[in-house]
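Notebook open, viewer open. I want to go through the side chains and jot down what I find.

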Amino acid sequence: MKIFFILLLFIAIPAQAKIIKSPSIAMHGAPKYAENFTHFDYVNPDAPKGGELRNSSIGTFDSLNPFIIKGTPAADLTFLGQNVLYDALMEQSYDEPFSMYGLLAETIEYDTEDKSWVAFHLNPAAKWHDGKPVIPEDVIWSFNTFLEKGTPFFKAYYGDVTKVEKIGERGIKFIFKDASNAELPLILSQLTILPKHFWADKDFSKTSLDAPLGSGPYQIEKVDAGRAITYKRVDTYWAKDLPVNKGRFNFDLVTYDYYKDSNVALEAFFAGEYDYRIENVAKLWETGYNAQPVKKGDIVKEEINHQRPQGMQAFLYNTRRTVFQDKNVRKALGYAFDFEWSNKQFAYGGYKRTDSYFENSELAALDDAPTGRVLEILNGYKDKLPESVFTTRYTPPKTDGRGNPRTNLREAMKLLDDAGYKLADDGIRVHETTGQRLEFEIVDANPLFERWVLPFIANLKKIGVQANFRVLDPAQYQNRINDFDFDMTIGSIGQSSSPGNEQRDFWASSKADLKGSRNYIGVKDPVVDDLIEKIIQAPNRAELVALTRALDRILLAEYYMIPQWHIDYWRIAYWTKLGRPSTLSGLTPAISDTWWAKETGETE
């Protein structure tokens, strides 16, 4: 009898050991920060509280609900980054590829062998700004509402969840379709939680400028519709002393003033109307910061290197349009963009040409021809891929920078001839069989791109292609992008250090015709679909990197975009009233998050 009892105990121990209940979780390996950590390394834990941070934004806003497809939400109301009004279940650190630490959820629970579920246990101290506790019903309602009424992003991101249910007094359990989505526990931990009781008598699907109830470090103090918004730090914020928040959210007030024009915004900065700029225009950085406050040293200019993946900024083709359905046409048009000349003329040579969807990261395809594990992955699709995937690494066409890219234009004309597009009497190419004219419109909301676009259009005209550039107001532009109502646009596909479920929204066939998704290009490729699922299921970092490099090669080989440029540092100008941590995260400067107002006290 004694021996039988010992045997049962021996069998039970491994089963018990499978269950992990922890305040943190990492995508691969162990989290950087131990259970008893006091603060993130990229903050100043002794940063003083107080003062005001004044920000700028271009355009306008008409909504305080960033979770739906309708409307243009106000600044700082994001749902992919820090949302100052609402807490998420857990908080991401920004000096690791992908690790999460407890916030609303005190712990995360999962089974290391049976990966078909994850559970979160709420911190008993968590409460809304009205003093009511955050409860499991809030989590369940938020999740279901996002999927039912939120943007298409939510269905792509959380599509592998089949059920969410309450367990115990403060627990929530998410059950998955299967055990293959290794990233799902972490991206569920990013879930922003809304108060069910606040929304009980409101229509979540409609835009509103009424201040919502939150649980985060700030609440809305004042709204000037379309022109300005002010956030006030919550003195009684329930999580202000948690390790994930130590040294953060230091400003008493955070304001955003909206400007219609970037030039006006720059002058307002020099006039002291707001406190910092992250400059995205190289020419302005080189020539536009000669104002007196800069000369006197009241404004600091810094270039700070970072390790942030740059993704892809490019001219995006909408392949739903007949004119862009031929890959050879897409390839040909890329020869008309003279980056080297434009970079010299408009950016003082400050930009680097982008040649990867995962630029500035280890995830980018590296070698001229694939090798090792990347080659093994691609060989699994050999009969479905173009030969170029196996022989050469895509590089954008180059010029001598003199502004007359004859060699490239001749190559473009040859490709268009081979594709069946012949010059008509008016100088515009027409397909000899279908009658399709080679003409299209480039749309954007930023007039500053015009100086880059017009030389491109001029080169296109030389090869028999008619294009025009149209600047739309931000709201109209967003609506047209959501509806895929464009030929070509200038856009960015941002990437993280740990790609996963969001790749479905970028490239999956199921999202190509779903309005509001981020598959702007209209990609429909079963090989890409399969690779996305393998990336999501990657068992370790090495496999994730290899799979992503394979995906990069395939996307590049299809010429879905004409790559533009990137830099691997931040250009930050700020008034000396601001203090910052001595060490910043390599992924974000986190100005409104980790900086402080010096007049409240000096500390480094």
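**Charges over rings.** I started with lysines sitting on aromatic faces. The charged end of Lys 202 is over the ring of Phe 198, 4.1 Å from the ring's centre. Lys 382 does likewise with Phe 390, lying over its face at 4.0 Å from the ring centre. Note to self: this is a predicted model, and I only count side-chain atom pairs at pLDDT 80 or more.

**Aromatic pairs.** Next I looked up ring against ring. The count comes to 47 aromatic pairs. One of them is Tyr 237 with Trp 238, with centres 6.4 Å apart and planes at 75 degrees. That makes the pair edge-to-face, because the angle is over 60 degrees. Are these two residues buried or exposed? Tyr 237 has 5% relative accessibility, so I put it down as buried. Trp 238 comes out at 14%, which also means buried, because the limit is under 20%.

**The cores.** How many residues are in the largest nonpolar core? I get 82, and the members that touch the most others are Leu 89, Phe 120, Phe 174, Leu 188, Leu 191 and Tyr 231. Helix α2, residues 136–149, is the top contributor to this core, giving five residues. There is another core apart from it, made of 46 residues, including Leu 316, Leu 385, Trp 507 and Ile 532.

I then picked Leu 89 and listed its contacts, skipping neighbours within four places in sequence. Among them are Phe 120, Leu 188 and Leu 191, which are also on the list of best-connected core members. Leu 89 is in contact with Gly 102, Leu 103, Leu 104 and Ala 105 as well. Val 139 is on the contact list of Leu 89 too, along with Leu 122, Ser 189 and Ile 193.

**Tyr 218.** This one is in strand β10, residues 218–224. Its relative accessible area is 2%, so it is buried. What does Tyr 218 touch? Leaving out residues up to four places away, the list includes Val 84, Leu 85, His 129 and Tyr 231, plus Phe 249, Asn 250, Phe 251 and Asp 252. Tyr 231 is also one of the best-connected members of the big core. I checked Tyr 86 as well: it is 132 residues from Tyr 218 along the chain, with 8.2 Å between the C-alpha atoms.

**Arg 571.** I found this arginine in strand β24, residues 569–575. It is buried but has no salt bridge. How far away is the nearest side chain of opposite charge? It belongs to Glu 303, at 5.3 Å, so the pair misses the 4 Å cut-off for a salt bridge. Beyond its sequence neighbours, Arg 571 touches Arg 277, Glu 279, Trp 285, Glu 302 and Tyr 351, among others.

**Lys 577.** A little further along, Lys 577 is in the loop between β24 and β25 (578–579). It has 23% relative accessibility, so I logged it as partly exposed. Lys 598 is 21 residues from Lys 577 in sequence, yet their C-alpha atoms are 5.3 Å apart. The contacts of Lys 577 include Lys 598, Glu 52, Arg 54, Asp 275 and Trp 596.

**Salt bridges.** The tally is 36. I opened three of them.

- Lys 163 pairs with Glu 165, with the closest N and O atoms 3.2 Å apart. Lys 163 is partly exposed at 46%, and Glu 165 is partly exposed at 23%.
- Asp 487 meets Arg 321 at 2.6 Å, N to O. The two are 166 residues apart, with Asp 487 in the loop between α15 and β21 and Arg 321 in the loop between β15 and α9. Asp 487 is buried at 17%, while Arg 321 is partly exposed at 25%.
- Asp 355 meets Arg 393 at 3.0 Å, N to O. Asp 355 is in the loop between β16 and α11, and Arg 393 is in the loop between α12 and α13, so the bridge ties together parts 38 residues apart in sequence. Both Asp 355 and Arg 393 are buried.

Last lookup: which residues do shared salt-bridge partners join into one network? I noted Arg 321, Glu 441, Arg 470, Arg 480, Asp 485 and Asp 487.

Notes:
Residues numbered from 1 in each chain as written. Predicted model: local features only at pLDDT ≥ 70, side-chain atom pairs only at ≥ 80, totals over all residues. Heavy atoms only, no water. Core = buried A, V, L, I, M, F, W, Y, C linked by side-chain atoms within 4.5 Å. Buried < 20%, exposed > 50% of the residue type's maximum accessible area, 1.4 Å probe, protein only. Helix = DSSP H or I, 4+ residues; strand = E, 2+ residues; numbered from the N terminus. Contact = heavy atoms within 4.5 Å. Phe/Tyr/Trp six-rings, centres within 6.5 Å; stacked < 30°, edge-to-face > 60°. Lys NZ or Arg CZ within 6 Å of the ring centre and 35° of its normal. Lys, Arg positive; Asp, Glu negative; His and termini not counted.
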